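Work through the exercises below with the model open. Each task is followed by a stepwise solution.

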Amino acid sequence: MLRWLIGGGREPQGLAEKSSVQTIGEEQIQNPYTELLVLKGHQDIVRFLVQIDDCRFASAGDDGIIFLWNAQTGEKLYELHGHTHKITAIAPFSSSDGTEEKTDLIITASADRTVIVWDCTSGRQVQKVSCFHSTVKCLTVLQRLNVWLSGGSDLCVWNQKLDLLCKTSHLTDAGISALVELPKNCVAAAVGKELIIFRLSVSNNGSEGWNVLEIKRLVDHQDNISSLVSVNDLTFVTGSHVGELIVWDALDWTKQASECNFWDSSLHPDVQPEIKLSQSPNETSVQHLASDEE
């Protein structure tokens, strides 16, 4: 189930499918986050929402189904079946066959150890890859280089035809949990507590193959990195399971700023306890980051 909100807020118990402005508590101001629509279809937790274009977006989660929605009306456009386990990653991209017309596609990965490419216009399955030895936990598209990457127990580089161009050796059993594109043909990969910088380069033999080289390992986090986002061409940010937030320079990979304690009750003595992020800083986990690139 998806809920369209103006902003986002706590979901009250017994909320109707359309509701007026809700209040959190008697002593607090009105909650300005108003529900617009409830989009039903998923049978389990929704974990991914990605924008396809200005008119469409996709949702996916633990039921293994991908839904395509009209972003203006909330109409369900397609229900995509092909995975047998929960969705673990999703990424949109545009494919071109050499003409000016582009095809909007999405790539999905699942705990069934498969990756599927879907056509967003027709809702049909374009191609399926089943050669993975472990679950793909993250996907990212390098549109400028016309390749896409999958992260799991290793890092794989693919072209748009789903040909494997190159891969790293086995990294860890835990695998890569997040990927983000950086300047100069680099990517940052979250592997446990470490942030590994890789650089992609075309093979010297002139073939279509690529090389992926490990450049640097950053070990500033105290716990596993759970989220990773690019802010702009100069900055990216990582968040960890214990609530650490680190801002990095995207060019030389140096740490620019960091924050760990998101809540200090001594600075907010008058705030009601039910809207605190947590009772203890160690209970605050950064699970997702997003940026408006400003």
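**Exercise 1.** Which residues of the largest nonpolar core touch the most other members?

Solution. Note that the model is predicted. Step one: take the largest nonpolar core, which has 20 residues. Step two: pick out those that touch the most other members, namely Leu149, Leu155, Ile176, Phe198 and Leu200. Step three: trace the core to its strands. At least two residues come from each of strand 11 (138-142), strand 12 (147-151), strand 13 (155-159), strand 14 (164-167), strand 16 (186-191), strand 17 and strand 18. Step four: look for another core. One of 17 residues lies apart, and its members include Ala109, Phe132, Trp148 and Leu162.

**Exercise 2.** List the contacts of Ile176, leaving aside neighbours within four places in sequence.

Solution. Among the contacts of Ile176 are Lys137, Cys138, Gly151, Gly152, Asp154 and Leu155. Add Leu171, Ala189, Ala190 and Val191 to finish the list for Ile176.

**Exercise 3.** In what order do the 4 strands of the open sheet run, starting from strand 15?

Solution. Step one: the order is 15-16-17-18, and the pairing is antiparallel. Step two: find the edges. Strand 15 (178-182) and strand 18 (210-218) each have a single partner strand, so one side of each has no neighbour in the sheet. Step three: the twist from one strand to the next averages 25°. Step four: check one pair. Strand 17 (residues 194-202) joins strand 18 through 8 antiparallel bridges. Ile196 sits opposite Arg217 of strand 18.

**Exercise 4.** How many disulfides does the structure hold?

Solution. The count is 0. Now compare two cysteines. Cys120 is buried, at 2% relative accessible area. Cys260 is partly exposed, at 31%.

Methods: Residues are numbered from 1 along each chain as its sequence is written. This is a predicted model: local features need pLDDT of at least 70, side-chain atom pairs count only at pLDDT 80 or more; totals for chains, interfaces and linings use all residues. Side-chain values use heavy atoms; hydrogens and water are left out. Two strands pair if DSSP finds at least two bridges between them. Axes are lines fitted to C-alpha atoms, for helices over the stretch in contact, and angles run from 0 to 180 degrees between N-to-C directions. A nonpolar core is a set of buried Ala, Val, Leu, Ile, Met, Phe, Trp, Tyr and Cys residues joined through side-chain atoms within 4.5 Å. Buried means under 20% relative accessible area, exposed over 50%, partly exposed in between (1.4 Å probe, protein chains only). Contact means heavy atoms within 4.5 Å. A disulfide is a pair of cysteine sulfur atoms within 2.5 Å.
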